[in-house]
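Hi everyone, thanks for making time. Today I'd like to walk you through a structure that may be new to you. Let's bring it up on the screen.

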2 protein chains.
Amino acid sequence: MAEAGFARFSAREVAKRVGYSVGTLYNVFGSYDRFVLAINTRTLLGWTQALEDRLSGAGPDRIGALVNGYFDFAEANPNRWMALYDHRMPPGEEVTERFNQAFGGLIGIIEREVAAVLGSPVDAVTHALTGSLVAIVHGHCTFALNGTYRSFGGDPRAAALARIRAALTVTHY
Amino acid sequence: MAEAGFARFSAREVAKRVGYSVGTLYNVFGSYDRFVLAINTRTLLGWTQALEDRLSGAGPDRIGALVNGYFDFAEANPNRWMALYDHRMPPGEEVTERFNQAFGGLIGIIEREVAAVLGSPVDAVTHALTGSLVAIVHGHCTFALNGTYRSFGGDPRAAALARIRAALTVTHY
DNA sequence: GGAAGAAATTGATCACTGTCTATTTTCTAT
DNA sequence: ATAGAAAATAGACAGTGATCAATTTCTTCC
């Protein structure tokens, strides 16, 4: 996935490279979508770990550390990161519990820092605000990786951080 | 594309439905990627038109009209809108000039309104800020359409608009 | 050590995809 | 009516996800 990217990823190619037949892959994972989901869960866990590492070595600007950690992981693993959003479950099928937990864990890390900055408890309000802040960084990161941001000019991660700070400032009042 | 979505879209199926053979589609468009690009260019032009219509019937809150127009188009045409970002050119190949122009036109509409709100001329600074604001809305809209925002709680378009206003407020100073 | 049963693995097969090209059909202008 | 250009076709190719009966490998117990 890291090497080929979501569009060119193939279960058969994986089977060939790991020395198993296609059938085994399907016995283990059930379907192509569940296979990709397993990979994406792994990516999510690695990303969470990267953010935690950033925070543990961070100075007073923990929000800045998170935004930079977010971008750094995505830029270091563009194909894996993009696969997280390129892949969609077929209509009717639900995402794995493990995947949801991994995603929740990632958001939880960010949420704690958002609440800390605002001096608020971790509640529904900070949860919703965290989602919105993540959406801000996600949008900037997406445009950075797919080349859209180049036509805008400026540094996407600096812009994202500025918008986050503005949001947190205004929310203070 | 509107009906099947990017993942399940197929040139052969299109050929069948329009009553031509696959070969003709390839004679006309050159490749699958260029075919999708032609569709996406059309989507971009339709989206631009929708935003212009909104603005022409808008009250004093033109930024609000843009954000709502952005969301409304995406929610009314989820598959077409998502295809805009799901599709990526194969490495080495470039996007059509027509596509870039259509995208530039869309951004231009937003940029004029951003400059107007700030009382600034349309220059490199407002251009970069516009890109950042579009990234904000894009992130919220993406999470709204792919279901991610549900787990956050709250209304994605209201959140996007609040973040935009915060960004424009802080930028004033 | 060997046999019975469970577990894991295989590969052939299916319907589908994008891509390409030689061939045929249709149109256009003289 | 005809020569030449343009448009459209069908079929072949290599690749995909999916399925499943048949085979191989591993456990377990006597």
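Let's begin with DNA strand C, which has 13 residues around it; the closest are A:Ser21, A:Asn27, B:Arg12, B:Tyr26 and B:Tyr32. By "near" I mean that a heavy atom of the residue lies within 4 Å of the strand. Of the atoms of DNA strand C that come within 4 Å of the protein, 56% belong to sugar and phosphate.

A quick word on what you are looking at: this is a predicted model, in which local features need pLDDT of at least 70 and side-chain atom pairs count only at pLDDT 80 or more, while totals for chains, interfaces and linings use all residues. Residues are numbered from 1 along each chain as its sequence is written, chains are lettered from A and ligands numbered from 1 in the order in which they are written, and side-chain values use heavy atoms, with hydrogens and water left out.

Now, which atoms of DNA strand C do A:Ser21 and A:Thr24 approach? For A:Ser21, a backbone N or O atom sits 2.8 Å from a phosphate oxygen of the strand. The side chain of A:Thr24 places an N or O atom 3.1 Å from a phosphate oxygen of DNA strand C. With B:Arg12 we move to a base: an N or O atom of its side chain is 2.4 Å from a base nitrogen of DNA strand C.

Which elements give two or more residues to this surface? They are α2 (22–29) of chain A, together with α1 (11–18) and α2 (22–29) of chain B. Helices here are DSSP runs (H or I, at least four residues), numbered from the N terminus. α2(A) gives the most, with 3 residues.

Let's turn to DNA strand D. Here 14 residues lie around the strand, and A:Arg12, A:Tyr26, A:Tyr32, B:Ser21 and B:Thr24 come nearest. Sugar and phosphate make up 62% of the atoms of DNA strand D within 4 Å of the protein.

Look at chain B first. A polar backbone atom of B:Ser21 is 2.8 Å from a phosphate oxygen of DNA strand D, and an N or O atom in the side chain of B:Thr24 is 2.9 Å from a phosphate oxygen of that strand. From chain A, a polar backbone atom of A:Ala11 lies 3.1 Å from a phosphate oxygen of DNA strand D.

And which element gives the most to the surface near DNA strand D? That is α2(B), with 3 residues. Thanks for listening!

Key: A polar contact is a pair of N or O atoms within 3.5 Å; within protein, one must be able to donate a hydrogen and the other to accept it, and residues adjacent in sequence count only if both atoms are side-chain atoms.
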